[in-house]
Amino acid sequence: MTFDFSKIFPKSRLAKLVWVLTLLVSAALLLLSTVFKLDGKVHADWQQFLGRFHPLVVHLPIGLILLVPLLEIAGRFRQALREAAAFVLSLSVAACLAAVILGYLLAYGSGESGVRVTRHMWGGITLTLAVLLCALVRPFWASGTPRRVLRDAYPCLLTVSSLLLLWTAHQGGSLTHGDSYLTEYLPASLKHWPGIGLAQATYPPASDSFYAKHIHPVLDANCVSCHGGAKVKGGLRLDSYSFLMRGGHEGAVVIPSEPERSLLIQRIMLPADHKKFMPAEGKPPLKPEEILLIKTWIAQGASPTVTSLAGITVREEEKPLPLVGDYSGLMAEIEQIAKAEGVTIVPVSRNPADGLVLNTVNAPTNFGDAQLARFQQFAPFIVEVELGRTSVTDACFDTLAKFSHLRALHLEDTAVTGVGLQKLTQLSQLTYLNLSGTKVGEAAVASLGSLKQLRHLYLYNTPAHPESAAPAGPQSVERSKARQAS
Ligand code: HEC
């Protein structure tokens with residue numbers, strides 16, 4: 001097949017001008033990133049100012065381009081729509097150019113760089129060229145030229161443009177919202193499909209690890225506003241261990257065992273007025289002790305699992321106690337039962353949310369399991385139960401397990417032997433337990449192992465702690481947080 005170039009190249013002067021312009025614009029777009037390199041440096045303010053209109057303007061080409069095939073199809077039934085398609089197509093070209101230029105200003109102005117930005121950029125440029133070509137070849141298709149190649153070029157290019165559009169828009173979305181934005185709430189069963197590849201994004205470090213307790217909270221409070229799911233500055237996310245280790249545009253930001261070479265450490269240790277200092281934009285710098293924690297953690301291997309670091313003891317912050325519900329409306333009833341049983345039940349403070357204390361000091365000696373059970377209906381409001389020297393037995397654990405807000409429990413000098421003691425492991429807020437002078441043995445005490453909050457466990461004069469029965473021995477065994485951790 002011979003190809004007569006003069007048949008494609010238009011004869012009218014206006015059309016010639018359009019072709020020349022197209023060639024110039026295409027060349028300019030293709031050379032853009034070579035002339036103005038995305039070098040990761042922040043440039044002029046006006047560029048950023050204009051560039052920030054990109055996310056807004058970018059919706060125009062999306063809407064317009066998708067409209068073109070619809071109008072072409074509908075145009076088979078109504079000629080006017082076909083003419084509209086030609087018009088919308090030329091608008092798409094203009095909209096694409098505007099979006100690409102603003103997008104480039106945004107990336108160049110704010111110092112974005114890296115594979116993801118580059119990918120999105122080339123998507124936008126290729127799309128613009130494809131839409132330009134669409135506009136150029138459409139007249140051949142519309143006039144029904146006998147040359148098939150020329151006639152079919154338009155529908156093919158239009159299909160390619162639509163696919164390119166979807167891909168580029170998705171790349172842009174990933175830039176602003178992170179890779180997993182679309183799939184985050186995908187039903188779990190679909191997440192395992194090949195290609196969706198979410199495994200690495202959801203790497204869960206152990207919840208009691210040093211990372212989870214001391215590193216993540218610092219990054220979360222100071223960095224994630226710019227390096228999280230909503231914004232991914234510098235291509236870096238710091239909202240999970242796997243993201244942290246994946247790094248940003250410049251590669252890894254944490255190099256295990258080499259804090260000095262870790263970009264993250266370098267950036268947080270710059271002078272606060274340095275352009276590259278993190279957190280950026282005048283946000284308050286990390287505290288020296290926070291920097292020390294991160295540095296030491298990296299120096300000792302940046303592990304997601306270790307629970308403690310050599311040479312570092314971190315004082316546990318007291319968590320604010322969870323509040324109990326408002327019992328004011330029940331107070332009359334509560335007091336009535338308390339009076340009948342000869343006990344007192346008093347608020348911890350004037351604030352009902354602080355809960356109630358059940359005190360049996362003045363109760364008759366027969367106060368036992370059945371009497372305690374009468375308070376079960378108020379269990380969620382009671383934060384402290386004082387049962388020392390009452391007649392309760394091992395049966396009381398069934399009732400006490402329902403006191404969901406219990407923080408302190410006195411069972412000293414009672415008949416409990418520890419059978420069923422493990423039911424108390426449901427009491428996640430229990431910090432104080434006194435079992436001194438009971439028959440509770442070591443095995444029963446061991447069953448409390450999962451009670452993380454339990455700081456004070458008193459076992460004086462029990463089989464669990466016979467040595468403390470010695471007169472000179474300590475009055476109590478305090479199981480401190482530190483010993484529990486080791
Ligand atoms: C106000 C927004 C903002 C906050 C908050 C912020 N950053 Fe950044 N960060 C940026 C921007 C913008 C970049 C990209 C430009 C640059 O590299 O300076 C960046 C880049 C980085 C990079 C380089 C990534 C790479 O591979 O190029 C590191 C490391 C970093 N930040 C660490 C942190 C840490 C650690 C914190 C918290 C202590 C933090 N940032 C808080 C805006 C922020």
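Where does Asn461 lie? In this predicted model, Asn461 is found in the loop between β6 and α18 (481-485). Its phi is near 60°, a positive value in a residue other than glycine. Asn461 has 20 other C-beta atoms within 10 Å and therefore counts as buried. With this loop residue as a starting point, the description can widen to the whole chain and then return to particular places.

The protein contains 18 helices and six strands. Of its 486 residues, 29% are buried. Among contacts between residues at least 6 apart in sequence, 59% join residues at least 24 apart.

A good place to continue is the largest nonpolar core, which has 54 residues. Cys96, Val131, Cys134 and Trp297 are the members that touch the most others. At least two residues of this core come from each of α5 (59-74), α6 (79-109), α7 (115-142), α8 (148-177), α10, α11 (241-246), α12 and α13. The greatest contribution is that of α6, with 14 residues. As general background, nonpolar side chains in soluble globular proteins tend to be buried together.

Helix α6 itself has 31 residues. From its first C-alpha to its last it reaches 45 Å, close to the 45 Å expected at 1.5 Å a residue. Just after α6, Gly111 takes a positive phi of about 75°. Within the helix sits Cys96, one of the core members named above. Cys96 is buried because 27 other C-beta atoms lie within 10 Å. When neighbours within four places in sequence are left aside, Cys96 is in contact with Pro61, Leu127, Thr128 and Val131. Val131 is, like Cys96, among the core residues that touch the most other members. Cys96 also illustrates how sequence and space can part company: Leu132 is 36 residues away in sequence, while the two C-alpha atoms are 9.2 Å apart.

Attention now turns to α13, the helix that follows the loop holding Pro279. That loop runs between α12 and α13, and the peptide bond from Met278 to Pro279 is cis, with omega near -5°. Helix α13 comprises twelve residues (288-299), which at 1.5 Å a residue should span 16 Å; the end C-alpha atoms are 16 Å apart, so the two values agree. Which residues of α13 are buried? They are Ile294, Trp297 and Ile298. Seen down the helix axis, the buried residues fall within an arc of 100°, and therefore line one face of α13. A general rule helps to picture this: an α-helix has 3.6 residues a turn, so residues three or four places apart point the same way. The face turned away from the buried side carries the exposed residues Pro288, Glu289 and Leu292. On the buried side, packing is against α10 (210-222) and α12 (263-268). Trp297, already met as a core residue, is one of the buried residues of this helix.

Beyond α13, the backbone has two positive phi values to note. Just after the helix, Gly301 takes a positive phi of about 110°. Ala302 has a phi near 50°, a positive value in a residue other than glycine. Ala302 belongs to the loop between α13 and α14 (331-341). Because 22 other C-beta atoms lie within 10 Å of its own, Ala302 is buried.

The surroundings of the ligand form another part of the picture. There are 26 residues around the ligand, and those that come nearest are Cys223, Cys226, Lys233, Gly234 and Gly248. The shell is made up of eleven nonpolar, nine polar and six charged residues. Helix α12 gives the most to this shell, with four residues; α12 is also one of the elements against which the buried residues of α13 pack.

Finally, Leu448 occupies the loop between α17 (442-446) and β6 (456-458). With 20 C-beta neighbours inside 10 Å, Leu448 counts as buried. Apart from residues up to four places away in sequence, Leu448 touches Leu421, Gln422, Leu424, Thr425 and Leu454. Gln426 is 22 residues from Leu448 in sequence, and the C-alpha atoms of the pair are 9.7 Å apart in space.

Key. Residues numbered from 1 in each chain as written. Predicted model: local features only at pLDDT ≥ 70, side-chain atom pairs only at ≥ 80, totals over all residues. Expected span 1.5 Å × (residues − 1). Buried ≥ 20, exposed ≤ 12 C-beta atoms within 10 Å, placed from the backbone. Arc of directions from axis to C-beta. Contact = placed C-beta atoms within 7 Å. Near = placed C-beta within 6 Å. Nonpolar A, V, L, I, M, F, W, Y, C, P; charged D, E, K, R; others polar. Core = buried A, V, L, I, M, F, W, Y, C linked by C-beta atoms within 7 Å.
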